[in-house]
Amino acid sequence: VPNVFAVDLASGTHRRVTHLVAGARVHQWVQPDSLHPAGSLVITAAASKEREEADRIDAGRPVFTAEPTVPPAYATWTLHEPPATVPSQIAPDPSLITDRSRYRSLRNLTHVASLALPYYNASDDWGVAGVTSWTEPLGKHLFALTGSLSIPTPLDNSFILASYINNQLIPSITLTGYSLLPSVRAYGDTFLADGLSGGDVSVDWPLDIGIQPYTATRFEARVRYLRFDPLNPEEFEASTTLPAPAEGEQADFRLSFTRKRLRPYADNLIHPIDGHGIRLEATAGAKVLGADTRFLRGDASAFAVLPAFGLSRLYVYAHGQVISGDVLPQHRVGFARYDDVQITAPEVGLLAFVDANRVRGYRDFVLGNRLAFGTVEYRMPIAPSLQTTVLGFVSLGATTLALFADGGMVWEDRVQQTRRLGVGAEVKNALVIGGVLTIAHAVGVGQPYDVLGTDRGYEVYYRLRAALPF
């Protein structure tokens, strides 16, 4: 720790002036006077983690240099020893060994949990839904199965999702098969229910390249074959702005590279103070095994959290997408009418239920085959907690105010362009459920830039969205 020393240039000797555990810095040597024959020094020293003090001291002051002595009552603990020391290596007891064999992980597959409950959705949809999971003690194999069986209409209203993770190799390999009930998402001015069935094989490979603290790099690959089956395509046939969704089968292969840095901070879920990341994806679809689409899709995104005044931060995010080929109409890129839902779950990471971009302040749907999107937010922490509890188990935690500007463009075959720029303010809050699960949610108001300051075009919205995009 730097302290203050004085050097005699004639003799080349030096002496200590300060001996502070937190250090000291000299700012001025004041000329001698009647009270300070050797002159005086103006120094600053840390009084606490948040405050420094300035002092004027005698430049010739002596420094306490005696060796400290520790009373025996305080030093005897260093002489204590445990009554017995466990050796670093213990030889096995031959009398306890009954057999020797190679460990076989599949034979040690262990049941973790299973649950089945009856359900009722409608007169033609009722039955049993459940989940079961199995794992091997060393984590080399993990099985999970969830689904439901509809008694009146087993073929129409039942679903199943099965997954297997193999961690014996590097990278990890995941096999997934599914026949899911239609998922509902916004499409145009109404909603699209899109059934999904198929399977995929994916690998997840953490990479040890450019090792830095708090930084993770990973490579992912996925091969997938699935069928899309929209339930209500006729509702969109009369639309002149959006194409009607189509059913079809798709075979695709995706490569993904992600590098992310995020320093640990108590309120990272709602207000990260340092981090950056980049994600690159390429997906190719081919007309094999009866698939109906052939395309190439590129996806690049990056974010950065930059320092500002105090604990305020400037958040910057950019996202670009390009599609070449013939994807299904409902899978083109563009601006969404509503925000997608993103939740950060412990031990799981980010769960994104819809992959869509939205310029806040706009509520119309736009599709194309090229997209450029960006967000700038100035985030200011308001309070570490709102000290509010609802229903005894839901509480409102850390809160941040953000001033934002969203902008982007959507192209259709490089010709037609839709440009948007929205600005506004948003209050982000950490919603703590049961003291265990924390979800980031926000309330905000947005308005198109060209009508800013008027009473036209503004929207008040609520959304569930993580503070970082990935």
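1. The largest cavity holds about 220 Å³ of space. Tyr315, Arg360, Thr375, Arg463 and Arg465 sit closest to its centre, out of 23 lining residues. A cavity here is a set of points on a 1 Å grid over the protein atoms alone where a 1.4 Å probe fits but cannot get out, and lining residues have an atom within 4 Å of a point. Volume is the space filled by probe spheres set on the points, with points joined across faces, edges and corners.

2. A word on the basis: this is a predicted model, in which local features need pLDDT of at least 70 and side-chain atom pairs count only at pLDDT 80 or more, while totals for chains, interfaces and linings use all residues. Residues are numbered from 1 along each chain as its sequence is written, and side-chain values use heavy atoms, with hydrogens and water left out.

3. What is the lining of the largest cavity like, by class? There are 10 nonpolar, 3 polar and 10 charged residues (Ala, Val, Leu, Ile, Met, Phe, Trp, Tyr, Cys and Pro count as nonpolar, Asp, Glu, Lys and Arg as charged, the others, Gly among them, as polar). Strand 21 (370-383) and strand 16 (313-326) each supply at least two of these residues, and strand 21 has the largest share, with 4. Strands are DSSP runs of E, at least two residues, and helices are runs of H or I, at least four, numbered from the N terminus.

4. The whole structure has 2 cavities of 30 Å³ or more. The second largest has about 60 Å³ of space. Its lining includes Glu426, Lys428, Arg463 and Arg465, and strand 25 gives the most, 3 residues. By class, that lining divides into 6 nonpolar, 1 polar and 4 charged.

5. Now the salt bridges, 23 in the structure (a side-chain nitrogen of Lys or Arg within 4 Å of a carboxyl oxygen of Asp or Glu). Arginine 360 pairs with glutamate 426 at 3.0 Å, N to O. Arginine 360 is in the loop between strand 19 and strand 20 and glutamate 426 is in strand 24, so this pair ties together parts 66 residues apart in sequence. Both arginine 360 and glutamate 426 are buried (under 20% relative accessible area; exposed is over 50% and partly exposed in between, with a 1.4 Å probe and protein chains only).

6. Glutamate 459 and arginine 358 also meet in a salt bridge, at 2.6 Å, N to O. Both are buried. These two pairs' residues also appear in a salt-bridge network, whose members include Arg358, Arg360, Glu426 and Glu459.

7. Arginine 227 and glutamate 249 form a salt bridge too, at 3.6 Å, N to O. Arginine 227 is in strand 12 and glutamate 249 in strand 13, 22 residues apart. Arginine 227 counts as partly exposed because its relative accessibility is 29%, and glutamate 249 counts as partly exposed at 23%.

8. Where is the second largest pocket lined from? Helix 2 (154-157) and strands 9, 10, 11 and 12 each supply at least two residues, and strand 10 gives the most, 4. The pocket's volume is about 230 Å³. A pocket is an open set of points with protein on both sides within 12 Å along at least five of seven lines.
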